[in-house]
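Please look over the sequence and the model below. The paragraphs that follow go through a helix, a pocket and a single cysteine.

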Amino acid sequence: MHRAVCPGSFDPVTLGHLDIVGRASKLFDEVVVAVGVNPSKSRMFTADERIAMLERACGGFDNVRVASFAGLLTDFCRANEVNAIVKGLRAVSDFDYELQMAQMNASLADEVETVFIPTAPEYSFLASSLVKEVARFGGDVSRFVPDFVHAALVSRLTTGPTSDPTSDLTSDNTPADPVPEA
Ligand code: PNS
C-alpha cells in the first residue's frame with residue numbers, strides 16, 4: 001500500500017490544490033489531505049471549516065480522505081503509515097523553501113519520501129493568500145476556487161466569522177474534529 005499525504009493550510013482550498021490532489025490520487029493507492037493546525041497563525045477559516053470544505057471538494061476522489069494534524073508532519077506520517085509527502089511546485093520561488101522542508105523532513109523520517117508535482121500552468125500564480133486578498137478588495141476569484149468555497153469566502157467577507165477564525169484548537173487544546181458536511 002503506497003499512501004501519500006498532501007499537507008497544507010488550505011485556507012481556503014483552491015483549484016490548484018485540487019489539481020495536485022487529483023494527480024497524486026492517480027499515483028498512490030491512498031492520499032490523505034492533511035490540514036495543518038497551527039494556533040499561532042491567524043486564519044480566515046477555522047480548522048473545522050477548512051476540513052469540511054476539503055471533504056466536500058475531494059468527495060469525487062475514491063482514494064482520498066481528509067485529516068488534520070498538529071505538530072510535526074513526519075509524526076503524522078509515521079502514525080498514519082504514510083510513505084510520501086506530495087507538494088505542488090508552482091515556480092522556482094517555491095523550490096528553495098520546499099527543498100529545505102523536504103530535507104528536514106527526510107532527516108526526521110528517512111522512510112518518508114517527498115515527491116514534487118509541477119503545478120499546472122493555469123494555476124502557477126494561484127495561492128490561498130492571494131485569493132483572499134483579491135476577494136477582500138472585491139475582485140472576482142470565482143474561477144480559482146470551487147463554487148461553494150467562493151460562496152463561503154463572500155459570506156465570510158460580508159458577514160464576518162461566526163466564531164473566532166484564529167482559533168484552530170478546541171478548548172482542551174486538541175485539534176478540532178472535522179464537522180460533517182451540511
Ligand atoms: O499551505 P502551507 O501553509 O504552505 O502548509 C505548510 C505546512 C502545513 C505543510 C507546513 O507548515 C508543515 O509541514 N507544518 C507542520 C510542522 C512541521 O512538520 N514542520 C517541519 C517541516 S520541515
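This is a predicted model. Helix H2 spans residues 47–57, and its buried residues are Ala47, Arg50, Ile51, Ala52, Met53, Leu54 and Ala57. The cover over these buried residues of H2 includes two helices, H1 and H6 (147–159), and two strands, E2 (30–36) and E3 (64–69).

Next comes the largest pocket, which holds about 1300 Å³ of space. Its lining is made up of 40 residues, of which Pro7, Gly8, Ser9, Lys87 and Glu98 are the closest to the centre. Five elements each give two or more residues to this lining: strand E1, helix H1 (15–27), strand E4 (84–89), helix H4 (92–108) and helix H5 (128–136). H4 supplies the largest share, with 8 residues. By residue class, the lining of the largest pocket has 18 nonpolar, 14 polar and 8 charged residues.

Strand E1, one of the elements in that lining, runs over residues 3–8 and contains Cys6. Is Cys6 buried or exposed? The relative accessible area of Cys6 is 4%, and buried means under 20%, so Cys6 counts as buried.

Which residues does Cys6 touch, leaving aside those up to four places away in sequence? They are Val21, Ala24, Val31, Val32, Val33, Ala34 and Val86. A further distance can be given for Cys6: its C-alpha atom is 9.9 Å from that of Val64, a residue 58 places away along the chain.

Note on methods
Residues are numbered from 1 along each chain as its sequence is written. This is a predicted model: local features need pLDDT of at least 70, side-chain atom pairs count only at pLDDT 80 or more; totals for chains, interfaces and linings use all residues. Side-chain values use heavy atoms; hydrogens and water are left out. Helices (H or I, at least four residues) and strands (E, at least two) are DSSP runs, numbered from the N terminus. Buried means under 20% relative accessible area, exposed over 50%, partly exposed in between (1.4 Å probe, protein chains only). Contact means heavy atoms within 4.5 Å. On a 1 Å grid over the protein atoms alone, a cavity is a set of points where a 1.4 Å probe fits but cannot get out, and a pocket is an open set with protein on both sides within 12 Å along at least five of seven lines; lining residues have an atom within 4 Å of a point. Grid points are joined across faces, edges and corners, and a volume is the space filled by probe spheres set on the points. Ala, Val, Leu, Ile, Met, Phe, Trp, Tyr, Cys and Pro count as nonpolar, Asp, Glu, Lys and Arg as charged, and the others, Gly among them, as polar.
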